[in-house]
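Me: I would like a close look at one part of this model, and then at what surrounds that part. Please keep the sentences short.

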Amino acid sequence: MKPFEPELVLIEEAALDYKLGREIKNKYESKGVPIRMIESHNRVKWEEEMTPLELFEKAKNTLVVGVKKTLNFKSCQPSADYRVVTSTSCPAKCEYCYLATNLGSAVYVRVYVNLEEILEAIKKHIKKNDKEITTFEASSSSDPVAVEHITGALKRMVQFFAKREDAKLRVATKFDNVDSLLNLEHNENIKFRFSINSSYVIKTFENFTPSLTLRLQAANKLQKAGYPVGFMIAPIIAHDGWKDAYKEMLDRVVKICFQSIEDDLTFELIMFRFSTRSKNLIEARYPDTELKLDKEKSKHKGFGKYVYQDEVADELKRFITEQIEIKFPNAKIDYFT
Ligand code: SF4
């Protein structure tokens, strides 16, 4: 898929103190993309009046270049010990995206140019953690692969983590923008998990994301380059014909990606969920969405969160687990949630 090209670039003044900030500015200036300087990447002020929907569309086509000031990483259980953030949001428009809900109007695609400071902060977190191996999740606030062609941040992190005996990096993605990572030394310290789904879910809800085939080809390239690879089936949706659709998806994983059964392959299974806040935002952004956001027909998990009723959840878990066990006998299912 063609990598993301913004229609507007907003640059925080302080970002130009960094080489990467200046490079990004020069790159988009030479491409003729409009550029505006801003005071802070946290508080973008738009020049025009827009409805929430227009603002969402505009923000998703805007690249904001800033300096990451909060270098005290949050915990990221159960995925990893800490979150490391080199970008925020992503150019895709998945209708169910929890990030797009959490970010509200600040859904614009943000990249941070102070990578060396972020790496220094990683070192400090490794030191203060008393574990033998400290793990970091790179995808808690964005899909970092989607903007890798702009920042090279993952490449820099791969180079960093490859040399560490005491730390590992985890990356989750739907994007296939991985070629710049293939020839790097990585020491198997960086694990990529590809988010995959049934063709109905991809076609209906995952707007502006690479196809399943492209994701699997990218996973296959990384696997051939020796990286540990896993899959996240997320969100699992009980749509009409879901059993056949997820079975077919797993058949394609076998066919395109893993002809041989890998011992270290992992699956993370996350069923669809929504909250009152996400329901309101999704319905405002996608008035015709086919997502089922009916609170009455869902199970309330507390804190305004809704999931499938137990009967449906149990069947999703049973069927998909069984299919994975048949097709990938040596794979490990990390969790179903
Ligand atoms: S690719 Fe991930 S981060 Fe981007 S919109 Fe889709 S769910 Fe959200």
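At what angle do helix α8 and helix α9 pack, and how far apart are their axes?

Reply: This is a predicted model. Helix α8 covers residues 212–224, and helix α9 covers residues 242–257. They pack at an angle of about 45°, and their axes are 9 Å apart. That angle makes α8 oblique to α9. The crossing of α8 past α9 is right-handed.

Now the side of α8. Its contact residues are Leu-212, Thr-213, Leu-216, Gln-217, Ala-219, Asn-220 and Gln-223. From α9 come Met-249, Arg-252, Val-253, Ile-256 and Cys-257. By class, the contact of α8 with α9 has seven nonpolar residues, four polar and one charged.

Next, the sheet on which α9 packs. It is an open sheet of eight strands with mixed pairing. The strand order is β4-β5-β9-β10-β11-β13-β14-β18. The edges are β4 (75–76) and β18 (332–336). Each has a single partner strand, so one side of each has no neighbour in the sheet. At the β4 edge, two bridges join β4 to β5 (residues 80–83). These two strands run antiparallel. Ser-75 stands opposite Tyr-82 in β5. Helix α9 touches β11 (190–196), β13 (229–236) and β14 (266–271). The direction of α9 makes about 160° with that of β13. Helix α11 (residues 310–327) also packs on this sheet. It touches β13, β14 and β18. Its direction makes about 160° with that of β14.

One residue of β18 is worth following. Phe-336 is found in that strand. Set aside its neighbours within four places in sequence. Phe-336 is then in contact with Ile-236, Leu-269, Met-271, Ala-313, Leu-316 and Lys-317. Take Ala-313 from that list. Phe-336 and Ala-313 are 23 residues apart in sequence, and their C-alpha atoms are 9.7 Å apart in space.

A second helix pair can be set beside α8 and α9. Helix α4 (residues 115–128) packs with helix α6 (residues 153–162) at an angle of about 35°. The axes of α4 and α6 are 11 Å apart. Their crossing is right-handed. Leu-115, Glu-116, Leu-119, Ile-122 and Lys-123 form the α4 side of the contact. The α6 side has Ala-153, Arg-156, Met-157, Phe-160 and Phe-161. The residues of this contact divide into seven nonpolar, no polar and three charged.

There is also a three-stranded open sheet. Its order is β15-β17-β16, and the pairing is antiparallel. The edge strands are β15 (274–275) and β16 (299–302), and each pairs on one side only. Strand β17 (residues 305–307) pairs with β15 over two bridges. Ser-275 stands opposite Lys-305 in β17.

Last, the ligand. Around the ligand are Cys-90, Ala-92, Cys-94, Cys-97, Leu-99 and Lys-174. By class, that shell has five nonpolar residues, no polar ones and one charged.

Back to the part you asked about. Helix α9 meets α8 through residues that include Met-249 and Val-253. The same α9 packs on the eight-stranded sheet, where it touches β11, β13 and β14.

Definitions and conventions:
Residues numbered from 1 in each chain as written. Predicted model: local features only at pLDDT ≥ 70, side-chain atom pairs only at ≥ 80, totals over all residues. Heavy atoms only, no water. Pairing = 2+ DSSP bridges. Helix = DSSP H or I, 4+ residues; strand = E, 2+ residues; numbered from the N terminus. Near = heavy atom within 4 Å. Nonpolar A, V, L, I, M, F, W, Y, C, P; charged D, E, K, R; others polar. Axes fitted to C-alpha atoms, helices over the stretch in contact; angles between N-to-C directions. Parallel < 35°, antiparallel > 145°, perpendicular 65-115°, else oblique. Left-handed = near helix turned anticlockwise from the far one by under 90°. Contact = heavy atoms within 4.5 Å.
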